Amino acid sequence: MISVEEAQAKVLEQVEPLGIEAVDLMASVGRVLAETLIAPHDLPPFDNSAMDGYALRSHDTLAATLSAPLPMRIVGESVAGGSYPYPLRSGEAVQIHTGAPIPEGADTVLPLEQAQIHDGMVVVDTPVRSGMHIRPKGLDVKAGEPLLEAGMRLQTTHMGLLAALGLTPLKVYRRPRVALITTGSELLPYDAPLKPDAIRDSNSVLLRLWLSAWGVPFQFLGIVPDAEEPTLEALKKAVREAEVVLLTGGASVGGRDWVKPALQKLGAETVFWRVKMKPGKPLLFARWQKTAIFGLPGNPLASVVGLLRFVRPYLRALEGEIQTLPPCWTARLGTPVQKNETRAEFRTARLTVDEEGVLWATPTPAQGSSLLGSLFRANAFLYLPAGERYYPAGTPLKVLPILPMEGASW
């Protein structure tokens with residue numbers, strides 16, 4: 001067996017990023033950039049008004065007082081999408097709307113609510129400072145400014161700026177195709193009536209939903225019985241159609257575990273089998289040509305740990321993402337924990353935040369790799385490193401949040 005850290009390093013060593021394609025901005029959320037984005041122009045691209053009012057020359061207002069107000073002749077209008085076309089001369093004003101271009105020669109805006117209008121004149125009774133209520137060109141972004149590096153995953157929050165700068169199409173890494181196989185003669189589809197000596201397949205449901213949330217294209221090849229030939233045939237189909245193959249079950253040491261024999265007949269190279277962790281010890285990682293094959297344990301919580309801890313980082317790296325392993329959170333332990341296993345452990349836990357903003361992690365009452373109820377009640381895995389140890393309440397520990405949404409996964 002190898003440690004969690006060794007296994008993760010071996011998985012990431014096998015990564016060969018996929019090719020590059022161009023996609024429209026509207027289809028780019030969740031994709032990983034294959035190019036560094038530079039601002040092609042200033043934003044805003046011109047000086048514009050932050051308010052409705054009147055564009056003026058501040059120098060013309062210096063002598064204005066309550067007893068001796070100065071009239072400025074209104075010579076035109078500047079609207080969003082239609083600027084005033086002439087330079088502003090001394091003693092002139094232009095009515096201006098929010099977002100409209102500042103006329104040439106003007107350097108300040110008198111707000112509408114402060115303006116006094118008489119006979120086509122705006123009357124100014126106090127000096128107006130230069131630069132008031134003007135959003136200067138390049139206030140938000142300067143031309144040539146670096147925006148996003150290659151290897152960053154695009155988020156919805158990026159889209160407004162990229163749209164304003166006309167950055168489309170975008171060069172992104174191709175997404176890996178995943179083939180998913182569930183093994184087990186006892187398994188029924190999740191929507192099937194229950195039969196004697198049978199259970200419904202929950203593993204593929206969890207994996208499919210997580211892959212969907214991550215935007216990863218996948219094909220579910222169905223439930224395969226515990227036999228060598230069906231397992232081998234499913235594997236042959238999977239490696240033809242995907243860069244990543246996920247199997248659940250059948251990779252342990254039982255007499256009806258056929259994944260390893262099938263991989264051997266396929267000609268796949270086993271990189272490692274069994275990891276010093278609980279749950280998930282019988283995890284297998286193999287290669288067939290350029291295809292990665294993950295044999296995830298059959299118990300559902302072990303399968304989820306394998307997916308989040310090993311498969312997800314591999315998928316992120318395959319897409320060219322720089323940050324394949326986002327930092328874990330740190331939370332204080334809500335109850336004492338006694339760890340007797342020498343292996344690293346992932347325990348289901350519930351995260352809460354107290355009134356002072358401190359994050360707490362409380363293990364679920366029951367722990368076990370087959371207990372879907374524990375996963376149902378959890379929103380994180382509490383990570384306990386290898387080695388026996390007693391952890392008193394309040395101990396700060398790493399937690400791995402169970403969040404399938406893109407950008408929040410670990």
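## Sheet and strand pairing

Two strands count as paired if DSSP finds at least two bridges between them. In this predicted model, β17 (residues 244–248) and β21 (residues 291–296) run parallel and are joined by 5 bridges. One of the residues involved is Val 244, whose bridge partner in β21 is Ala 292.

These two strands belong to an open sheet of 6 strands. The order is β16-β13-β17-β21-β20-β18, with mixed pairing. β16 (218–224) and β18 (269–273) stand at the edges; each has a single partner strand, so one side of each lacks a neighbour in the sheet. On average, neighbouring strands are turned by 15° against each other, direction ignored.

## Helices on the sheet

Helix α1 (residues 4–13) lies across β18, β20 (284–288) and β21. It runs at about 155° to β18. Helix α5 (residues 259–266) also packs on the sheet. It touches β13 (178–183), β17, β18, β20 and β21. The direction of α5 makes about 15° with that of β20.

## The two faces of α5

Four residues of α5 are buried: Val 259, Ala 262, Leu 263 and Leu 266. Seen down the axis of α5, the buried residues fall within an arc of 100°, so they line one face of the helix. An α-helix has 3.6 residues a turn, so residues three or four places apart point the same way.

The buried residues of α5 pack against β13, α4 (228–241), β17, β20 and β21. Gln 264 and Lys 265 are exposed, on the face of α5 turned away from its buried side. Gly 267 follows α5, with a positive phi near 95°.

Technical notes. Residues numbered from 1 in each chain as written. Predicted model: local features only at pLDDT ≥ 70, side-chain atom pairs only at ≥ 80, totals over all residues. Heavy atoms only, no water. Axes fitted to C-alpha atoms, helices over the stretch in contact; angles between N-to-C directions. Contact = heavy atoms within 4.5 Å. Buried < 20%, exposed > 50% of the residue type's maximum accessible area, 1.4 Å probe, protein only. Arc of directions from axis to C-beta.
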